[in-house]
Amino acid sequence: MGRFVAVVLVLTLLFESIVTWVRLLRARQNQQTWPDWSEEPRALWNNFLELLVLGLALMLLSLHLAPLFDKLASEDLVPQTAAPTLTVWKLAAHLLTSGGLTAVLMTMLISSGAPPGFGFKPQSLARQIRDGVTGYLLALLPTATLMLLTASVRNSENQNSLLTLLSSSEDFPTVALICLAAVVVAPLYEELLFRVILQGWLSANFRPLVAIPTTAVLFAAIHGVIDGVALIPLALILGYVFHRCHSYVSVIVIHGLFNATMLTLAILTRS
């Protein structure tokens with residue numbers, strides 16, 4: 001029954017994604033661009049506090065990329081041995097660390113005196129959420145296509161650690177913790193790190209055609225080689241939406257909905 005529901009869900013979402021793409025292309029033919037350009041001034045990333053946040057973010061990014069560099073050095077892009085097992089206690093520690101870092105970095109940025117310059121804006125929340133839902137639907141079709149094309153090299157040894165823990169856990173507290181990590185904490189942390197800070201700084205110094213793909217590639221890289229390839233379309237759409245909307249909320253919605261979809265399908269199809 002679960003697999004049948006999963007198939008229906010996938011087909012429904014892909015249909016909605018196709019419809020959204022068709023609407024977007026038709027609107028573009030009528031000289032209508034989506035999403036609307038945000039007129040709020042962007043952060044310049046030129047004062048001490050902003051540069052300190054940028055330095056901390058780059059340090060965190062280097063830590064996230066370290067495992068990939070190890071694989072490149074060993075020329076073993078597809079691991080043949082299982083990665084260290086993720087336990088509930090390790091996940092809880094990761095949640096506390098990521099949540100704490102998010103709070104600290106966000107507080108430092110807000111303390112700089114110009115929250116809208118970083119995409120933190122309480123106005124038009126409904127519109128920001130709506131743009132996020134549209135971006136999520138646009139990301140589904142190309143991302144699902146790449147996931148299908150890379151399916152042959154996916155196995156239990158290179159599976160996402162959260163999905164591995166989910167497949168071996170039946171108790172509600174563990175599943176709830178996994179959902180909290182994937183749907184709430186990861187979008188908050190990763191979108192702050194990549195879109196708000198990294199892409200924000202790159203956009204202040206380079207053209208969007210440099211800032212958006214660079215951030216997208218780095219975002220994909222921290223998710224591993226196999227998952228990273230499939231996540232490139234999602235990463236590019238996240239970057240484009242943030243560039244146009246300049247909304248932290250919108251990219252959190254896209255990221256959170258995508259992760260929620262992957263978790264839901266994993267729960268429905270697990271043995």
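1. In which helix does Ala-144 lie? In this predicted model, Ala-144 lies in helix H4, and with a relative accessibility of 30% it counts as partly exposed. Although Ala-144 and Val-10 are 134 residues apart along the chain, their C-alpha atoms are separated by 9.4 Å.

2. Val-10 also takes part in a helix pairing, that of helix H1 (residues 2-29) with helix H9 (residues 248-269), whose axes come within 7 Å and cross at roughly 155 degrees. Because angles over 145 degrees count as roughly antiparallel, H1 and H9 are therefore described as roughly antiparallel to each other. On the H1 side the contact is made by Gly-2, Arg-3, Val-5, Ala-6, Leu-9, Val-10 and Leu-13, and on the H9 side by Thr-261, Thr-264, Leu-265, Leu-268 and Thr-269. Sorted by class, the contact between H1 and H9 has 7 nonpolar, 4 polar and 1 charged residues.

3. The largest nonpolar core has 46 residues, and those with the most contacts inside it are Leu-109, Leu-192, Val-196 and Ile-197. At least two residues of this core come from each of helix H2 (48-74), helix H3 (88-111), helix H4 (125-149), helix H6 (172-205), H7, helix H8 (225-245) and H9. Apart from this core lies another, of 12 residues, which includes Leu-162, Leu-166, Ala-181 and Ala-182.

4. For Leu-109 the surroundings can be spelled out in detail: leaving aside neighbours within four places in sequence, Leu-109 is in contact with Trp-45, Val-53, Phe-118, Phe-120, Leu-192, Val-196 and Ile-197. Leu-192, Val-196 and Ile-197 thus appear among the contacts of Leu-109, and they are also listed with Leu-109 as the residues with the most contacts inside the largest core.

5. Helix H7 (residues 208-221) has 14 residues and reaches 20 Å from its first C-alpha to its last, which is close to the 20 Å expected at 1.5 Å a residue. The buried residues of H7 are Ala-211, Ile-212, Thr-215, Ala-216, Phe-219, Ala-220 and Ala-221. Thr-215, which has its place in H7, has a relative accessible area of 0% and is buried. Which residues surround Thr-215, leaving aside its neighbours within four places in sequence? Thr-215 is in contact with Phe-194, Arg-195, Leu-198, Gln-199 and Leu-202.

6. A reader interested in charged side chains may wish to look at two glutamates. Is Glu-191, in helix H6, buried or exposed? Glu-191 counts as buried, because its relative accessibility is 0%. Its contacts, with neighbours within four places in sequence left aside, are listed as Ala-186, Val-196, Phe-219, Leu-238, Tyr-248, Val-251, Ile-252 and His-255. Glu-39, by contrast, is placed in the loop between H1 and H2 and counts as exposed, at 66% relative accessibility. In sequence Glu-39 and Cys-245 are 206 residues apart, whereas in space they are 8.7 Å apart, C-alpha to C-alpha.

7. Val-183 is also found in helix H6, and at 29% relative accessibility this residue counts as partly exposed. Not counting residues up to four places away in sequence, Val-183 touches Gly-256, Asn-259, Ala-260 and Leu-263. Val-183 and Ala-126, which are 57 residues apart in sequence, are 19 Å apart in space from C-alpha to C-alpha.

8. Some points of backbone geometry deserve a check against the model. Most residues other than glycine have a negative phi, and most peptide bonds are trans. Trp-34 and Pro-35 are nevertheless joined by a cis peptide bond, with omega about -15 degrees, and Pro-35 has its place in the loop between H1 and H2. Gln-31 is placed in the loop between H1 and H2 as well; although Gln-31 is not a glycine, its phi is positive, at about 65 degrees, and with 71% relative accessibility Gln-31 counts as exposed. His-246, in the loop between H8 and H9, has a positive phi near 50 degrees and is likewise a residue other than glycine, but at 5% relative accessibility His-246 counts as buried.

Notes
Residues numbered from 1 in each chain as written. Predicted model: local features only at pLDDT ≥ 70, side-chain atom pairs only at ≥ 80, totals over all residues. Heavy atoms only, no water. Axes fitted to C-alpha atoms, helices over the stretch in contact; angles between N-to-C directions. Helix = DSSP H or I, 4+ residues; strand = E, 2+ residues; numbered from the N terminus. Parallel < 35°, antiparallel > 145°, perpendicular 65-115°, else oblique. Contact = heavy atoms within 4.5 Å. Nonpolar A, V, L, I, M, F, W, Y, C, P; charged D, E, K, R; others polar. Expected span 1.5 Å × (residues − 1). Buried < 20%, exposed > 50% of the residue type's maximum accessible area, 1.4 Å probe, protein only. Core = buried A, V, L, I, M, F, W, Y, C linked by side-chain atoms within 4.5 Å.
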